[in-house]
Amino acid sequence: MILIPAIDIINGRCVRLTRGDYATERVYNNDPAAVAKQMQELGFRRLHVVDLDGAKAHHVVNLDVLRRIAAETTLTIDFGGGIKSDDDIKQCFDAGAAMVTVGSVAVTHPELMLNWLQQYGPERLILGADVRDGRISINGWKEDSSEELLPFLRTYIYKGIRNVLCTDISRDGMLAGPATELYQQVVTALPECQLIASGGVSQMDDIRALDAAGVPAVVFGKAIYEGCINLKALLQEFPQS
């Protein structure tokens with residue numbers, strides 16, 4: 001299983017929210033690049049970076065943080081939050097992102113998403129599927145669309161998308177366990193999907209359960225910053241190549 005620590009950024013600082021609510025912001029570190037270096041030193045190879053300012057502003061904001069992390073680590077970074085235009089996505093790649101996560105645009109402007117898929121290739125794009133009550137949520141989780149999860153994913157996988165980051169919003173930041181049954185449904189229905197599960201991981205048993213369900217990758221953040229998981233033990237059990 002691929003283990004992907006998350007760094008969420010507001011005002012250049014490493015924070016976490018609960019269920020995407022900006023009013024619940026908690027700052028864990030003022031230097032996201034230092035956190036990223038710690039993750040690399042522990043043995044992680046991937047990093048998920050979310051520009052929460054960008055998600056709110058509808059354009060990428062924290063490019064300087066991305067540049068620093070890319071310059072100071074060798075982590076494979078996927079970056080998301082506020083990617084709405086050709087300029088946004090180009091700036092992310094130019095700043096050092098190996099991959100980008102695109103959510104809202106895939107719902108509101110599918111033709112743009114498909115253009116990016118053709119231009120950059122499926123290995124560099126991650127389809128963000130943030131789910132609330134079975135439907136895809138957009139614009140920093142402030143709006144719920146009419147798109148249902150499995151039909152939405154199926155359409156994009158048919159078009160060539162392979163990487164999917166799925167977040168159950170009701171679980172995000174709650175440390176109450178991930179939506180393992182939901183992710184197992186996705187893996188079963190769409191075996192060609194390279195699913196990254198996100199939201200709710202609170203202990204090693206959660207990651208073991210996702211692994212047993214056939215989920216190939218997991219993103220987690222709050223459990224790291226709250227000290228809920230022994231990261232050295234986790235990486236011994238799931239070494240990253």
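Colleague: How many bridges pair β6 and β7, and is the sense parallel or antiparallel?

Modeller: In this predicted model, β6 and β7 pair over three bridges in the parallel sense. One pairing to look for is T101 with its bridge partner I126 in β7.

Colleague: Which strand does β5 join, and over how many bridges?

Modeller: Strand β5, residues 76-80, runs parallel to β6, and three bridges join the two. Here F79 has V100 of β6 as its bridge partner. The connection also includes a helix: β5, helix α4 (residues 86-94) and β6 form a β-α-β unit, and this unit is right-handed.

Colleague: Which way do the side chains of β6 point, and are they buried or exposed?

Modeller: The general idea is that side chains in a regular strand alternate between the two faces of the sheet. In β6, residues 99-102, M99 and T101 point one way, while V100 and V102 point the other way. All four of these residues are buried.

Colleague: How are the axes of α4 and α6 arranged?

Modeller: Two packed helices are described by the distance between their axes and the angle between them. For α4 and α6, the axes come within 11 Å and cross at roughly 35 degrees. The crossing is right-handed. On the α4 side the residues are D86, I89, K90 and F93, and they meet L112, W116 and Y120 in α6.

Colleague: Where is R124, and what does R124 touch?

Modeller: R124 sits in the loop between α6 (110-120) and β7 (125-132). Leaving aside residues up to four places away in sequence, R124 touches F93, A97, A98, M99 and V100. A polar atom of the R124 side chain lies 3.2 Å from the backbone oxygen of A98.

Colleague: Why does R124 count as partly exposed?

Modeller: Its relative accessibility is 27%, so R124 counts as partly exposed; the partly exposed class lies between the 20% and 50% cut-offs.

Colleague: Why does N62 count as buried?

Modeller: N62 has 8% relative accessibility, and therefore counts as buried. The residue lies in the loop between α2 (52-57) and α3 (63-72).

Colleague: Which side chain makes a polar contact with the side chain of N62, and which residues does N62 touch?

Modeller: The polar contact is with the side chain of D53, at 3.0 Å. Not counting residues up to four places away in sequence, N62 touches I9, N11, G12, D51, D53 and F79. F79 is the β5 residue already mentioned, the bridge partner of V100 in β6.

Methods. Residues numbered from 1 in each chain as written. Predicted model: local features only at pLDDT ≥ 70, side-chain atom pairs only at ≥ 80, totals over all residues. Heavy atoms only, no water. Helix = DSSP H or I, 4+ residues; strand = E, 2+ residues; numbered from the N terminus. Buried < 20%, exposed > 50% of the residue type's maximum accessible area, 1.4 Å probe, protein only. Polar contact = N/O pair within 3.5 Å; in protein donor to acceptor, adjacent residues only side chain to side chain. Contact = heavy atoms within 4.5 Å. Pairing = 2+ DSSP bridges. Right-handed = clockwise from strand over helix to strand, strands pointing away. Axes fitted to C-alpha atoms, helices over the stretch in contact; angles between N-to-C directions. Left-handed = near helix turned anticlockwise from the far one by under 90°.
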